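Visitor: Could you take me on a close look at the part of this protein where the nonpolar side chains gather? I am new to this, so please go step by step.

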Amino acid sequence: MKNFLAGLAVVVMLGIAASASATVITLDFEGVGNYNAVGNFYNGGAGTNYGITFSDNTLAIVDADAGGNGNFGGEPSPDTIMFFLTGDDAKMTVAGGFTTGFSFWYSAINNPGSVGVYDINDTLLANLILPTTPSTGGDPSGDFSPFYQLGVAFNGTASYVSFAGVQNQIGFDNITFGSVTPGGGDPVPEPATMLLFGLGIAGLSATKRRRKK
């Protein structure tokens, strides 16, 4: 039985675009609420108006340790993250566009994902393959823990981002524009780096064993 990021399924709606900022901005989803649509929260809603909207299927969820339904821990900013329960991806539109870099934190313990950054003409400016992440628990509990940071620099002006993966199997937090380093949290090696490091350690151990023999 696979673990799930959220325990229940819900139906949501909302979404539309406005104006955006070119400065470094971090979206931490705090205040959106448990199982609420992110929608226009950052586009004239209850959050800061950055002119940023999310597709209808994009939800916020609160950590179970903070009274929500989220099966996660170690998020970079307590206690809310973004995820989706329908479709193949969640789409974020930045009406004014953004440049330089893009970064975020994520957790995906069962299935890999991907993030694509596109311009207004649907040209792919940057693409990140998201490997599965370890599940160590924490915060004080939650299978989707910890969260790992990734970022990418690109040329051109981005208009929207696709956060792809398996429904209810990947969560994102502290989405940051204008920087390859996401805001919040303590630096954690990305899963691919940890894998390479582990293989390096294994190789060194094997070499030592051969020398002893």
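Guide: Of the 213 residues in the protein chain, 45% are buried; keep in mind that this is a predicted model. In soluble globular proteins, nonpolar side chains tend to be buried together. Here, the largest nonpolar core has 36 residues. Those with the most contacts inside this core are Leu27, Met92, Phe102, Phe104, Phe163, Ile175 and Phe177. Strand S5, residues 89–98, gives the core its largest share, four residues.

Let's stop at phenylalanine 104. Leaving aside residues up to four places away in sequence, Phe104 touches Val115, Leu128, Leu130, Tyr148, Gln149, Leu150, Phe172, Asp173, Asn174, Ile175 and Pro182. Apart from the largest core lies another one, of 13 residues, including Leu5, Leu85, Ile109 and Phe144.

Now back to S5 and the sheet around it. Five strands form an open sheet in the order S2-S5-S10-S7-S8, and their pairing is antiparallel. The edges are taken by S2 (52–54) and S8 (124–130); each has a single partner strand, so one side of each is left without a neighbour in the sheet. From one strand to the next, the twist averages 15 degrees. S5 pairs with strand S10 (residues 158–164) in the antiparallel sense over six bridges. One bridge to follow by eye links aspartate 89 to alanine 164 in S10.

Finally, step back to the whole chain. The protein chain has one helix and eleven strands, and the helix comes after the strands when you read from the N terminus. Among contacts between residues at least 6 apart in sequence, 77% join residues at least 24 apart.

Terms used:
Residues numbered from 1 in each chain as written. Predicted model: local features only at pLDDT ≥ 70, side-chain atom pairs only at ≥ 80, totals over all residues. Heavy atoms only, no water. Core = buried A, V, L, I, M, F, W, Y, C linked by side-chain atoms within 4.5 Å. Buried < 20%, exposed > 50% of the residue type's maximum accessible area, 1.4 Å probe, protein only. Helix = DSSP H or I, 4+ residues; strand = E, 2+ residues; numbered from the N terminus. Contact = heavy atoms within 4.5 Å. Pairing = 2+ DSSP bridges. Axes fitted to C-alpha atoms, helices over the stretch in contact; angles between N-to-C directions.
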